[in-house]
Amino acid sequence: MWALSRGGFNKIIFNLPKTLSRPLMATSNLIRVSSPAYSTGSPAHAPFKRVGTHNGSFHCDEALGCFMIRLTDKFSHSEIVRTRDPKVLEGLDAVLDVGGVYDPSRDLYDHHQKGFEEVFGHGFKTKLSSAGLVYKHFGKEIIAKELQLGEDHPDVHRLFLAIYKSFMEAIDAVDNGINQFDTDKPPRYVNNTHLSSRVGRLNLDWTDPDQSPEKENEAFQRAMALAGSEFLESVRFHAKSWLPARSIVMECIAERFDIDPSGEIMVLKRFCPWKLHLFELEEELKIEPPIKYVLYEDERGKQWRVQAVAVSPDRFESRRPLPAQWRGLRDDELAKEAGISGCVFVHMSGFIGGNQTYEGALVMAKTALKI
C-alpha cells in the first residue's frame with residue numbers, strides 16, 4: 001500500500017530502495033514501497049530527501065530520471081513526490097520534469113520551458129529530457145560506483161559518453177519529439193517496442209475503472225523499475241563487455257604495422273565485438289590509411305577469417321572487398337585461383353573469406369591489398 005497520501009488528489013509520496021550495488025532482481029522486487037514515508041531509519045541518520053515529479057500520465061524520461069537520481073549519494077533513498085502543486089514543489093530537495101526551471105545549482109531539472117536548449121555536449125546535439133539532465137549531472141557518479149573507480153578515471157568518462165550515445169540519447173530524442181531520420185516522408189514501419197513505448201504502455205488504460213492516484217503511482221513504480229533495470233543493464237554491459245572489447249581493439253590497432261607495413265591489416269588476438277570500436281577509434285586516433293581487413297580466429301571451426309571493413313557502421317559495402325575473381329569459390333578451386341594454400345571460401349560479395357590457418361589468412365589479406 002502507498003505510504004502516504006495527503007494534500008489532496010494530486011500528491012502521492014513513496015519510498016524506493018537503492019539498487020545499484022546489488023545484483024538485478026526481478027522487476028517486481030526492484031522497487032518496493034516502505035512505510036512510514038518519512039521513516040529516518042534511526043536517529044543517527046538524516047531524514048530522507050524528497051524528489052518531485054509531476055503526477056498524471058508519465059513518460060520514460062521522468063521515470064528513469066527518478067530512478068537514476070536515487071542512485072546518487074545526495075539523493076539516496078529519497079522519497080518521490082508526484083504533484084504539480086507549485087507550493088509543494090517549492091519545498092522539495094529536487095524537481096524533475098515539472099516546474100518550468102532548469103537550475104542544477106538548486107537541483108531543478110525541467111526541460112519544457114520556453115528557451116530551453118540544453119544538450120549533453122561532447123559533440124551531441126539532441127535536446128535533453130529530464131532523464132538526460134539527471135544523467136548529465138550525475139551519470140559519472142553512478143558509473144564510477146559501478147566500476148568502483150574515481151569519477152576522474154578515463155574509463156568512467158568513456159562509459160559516460162558511450163552510454164549516452166547507445167542508451168540515453170534515444171530517450172531524450174523521443175521525449176522531445178525529434179525524428180530519427182531527416183526526412184519528410186512517413187516512416188516505412190512503426191516501432192513501438194523501444195523503451196519509451198514500453199514505459200508509456202504502463203500508464204493506466206482508459207478502460208480501467210480504477211483511475212485513483214494510488215493506482216497511478218503503482219504504475220509509475222513499475223515504470224521506474226522497467227526504465228531503471230534497463231539503464232543498469234546498459235551500464236553493466238558497457239563495464240563488463242564494451243570496455244574490455246574497446247581495449248582489445250585499441251591494442252590491435254596499435255600493433256597493425258607489425259602485421260603489415262601498410263598498416264591496413266589488423267589482427268584480433270582475441271575475438272570480441274570490434275566493428276563499432278574500430279570506426280570510433282579510427283576517428284579518435286585519426287588513423288590513416290583506414291584499416292581494410294580484420295583477421296580473427298573462428299573458434300567454432302578453428303579456422304581464420306579475413307573480413308573486409310565496411311565503409312561505415314551502417315553500410316554493407318566494404319572499403320576494399322576481397323578480389324572479384326575469388327568470390328563465390330571454395331576450397332581447392334579457390335586455393336588454385338588465389339595461389340594460396342588452405343583457402344576455404346570467399347563470400348559472393350567479397351566482404352569475408354576464410355583460410356585454415358592464420359598464415360594463409362594473412363597472405364589472403366596481403367594479396368588482396370595488391371590486386
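1. Contact here means heavy atoms within 4.5 Å of each other. In this predicted model, and leaving aside neighbours within four places in sequence, Met 68 is in contact with Ala 131, Val 134, Tyr 135, Ile 142, Met 168 and Phe 231, a list that a reader new to the structure may wish to follow before turning to the wider core.

2. Met 68 also belongs to the largest nonpolar core, which has 50 residues. The residues with the most contacts inside this core are Leu 64, Met 68, Ile 69, Tyr 135, Ile 163, Met 168 and Phe 231. Two or more residues are given to the core by each of H2, strand E5 (94-96), helix H4 (130-147), helix H5 (154-175), helix H6 (195-200) and helix H7 (213-254), and the largest share, eleven residues, comes from H7.

3. Apart from that core lies another one, made up of 22 residues, and among them are Leu 322, Trp 326, Cys 343 and Met 364.

4. Strand E13, residues 343-346, pairs with strand E14, residues 352-355, in the antiparallel sense, and three bridges join the two. Within this pairing, Phe 345 stands opposite Gly 354 in E14. The hairpin of E13 and E14 has five residues between the strands, and in it Gly 350 takes a positive phi near 80°.

5. His 77 deserves a look at its backbone, since phi is near 60° there, a positive value in a residue other than glycine. His 77 lies in the loop between helix H2 (60-69) and strand E4 (79-82). Is His 77 buried, partly exposed or exposed? With a relative accessible area of 28%, His 77 is partly exposed, because that class lies between the limits of 20% and 50%.

6. The loop between helix H9 (275-285) and strand E11 (293-298) contains Pro 289, and the peptide bond that leads from Glu 288 to Pro 289 is cis, with omega near -10°. Lys 286 has its place in the loop between H9 and E11 as well, and phi of Lys 286 is near 55°, again a positive value in a residue other than glycine. Lys 286 has a relative accessibility of 69% and therefore counts as exposed, the cut-off for that class being over 50%.

Note on methods. Residues are numbered from 1 along each chain as its sequence is written. This is a predicted model: local features need pLDDT of at least 70, side-chain atom pairs count only at pLDDT 80 or more; totals for chains, interfaces and linings use all residues. Side-chain values use heavy atoms; hydrogens and water are left out. Helices (H or I, at least four residues) and strands (E, at least two) are DSSP runs, numbered from the N terminus. Buried means under 20% relative accessible area, exposed over 50%, partly exposed in between (1.4 Å probe, protein chains only). Two strands pair if DSSP finds at least two bridges between them. A nonpolar core is a set of buried Ala, Val, Leu, Ile, Met, Phe, Trp, Tyr and Cys residues joined through side-chain atoms within 4.5 Å.
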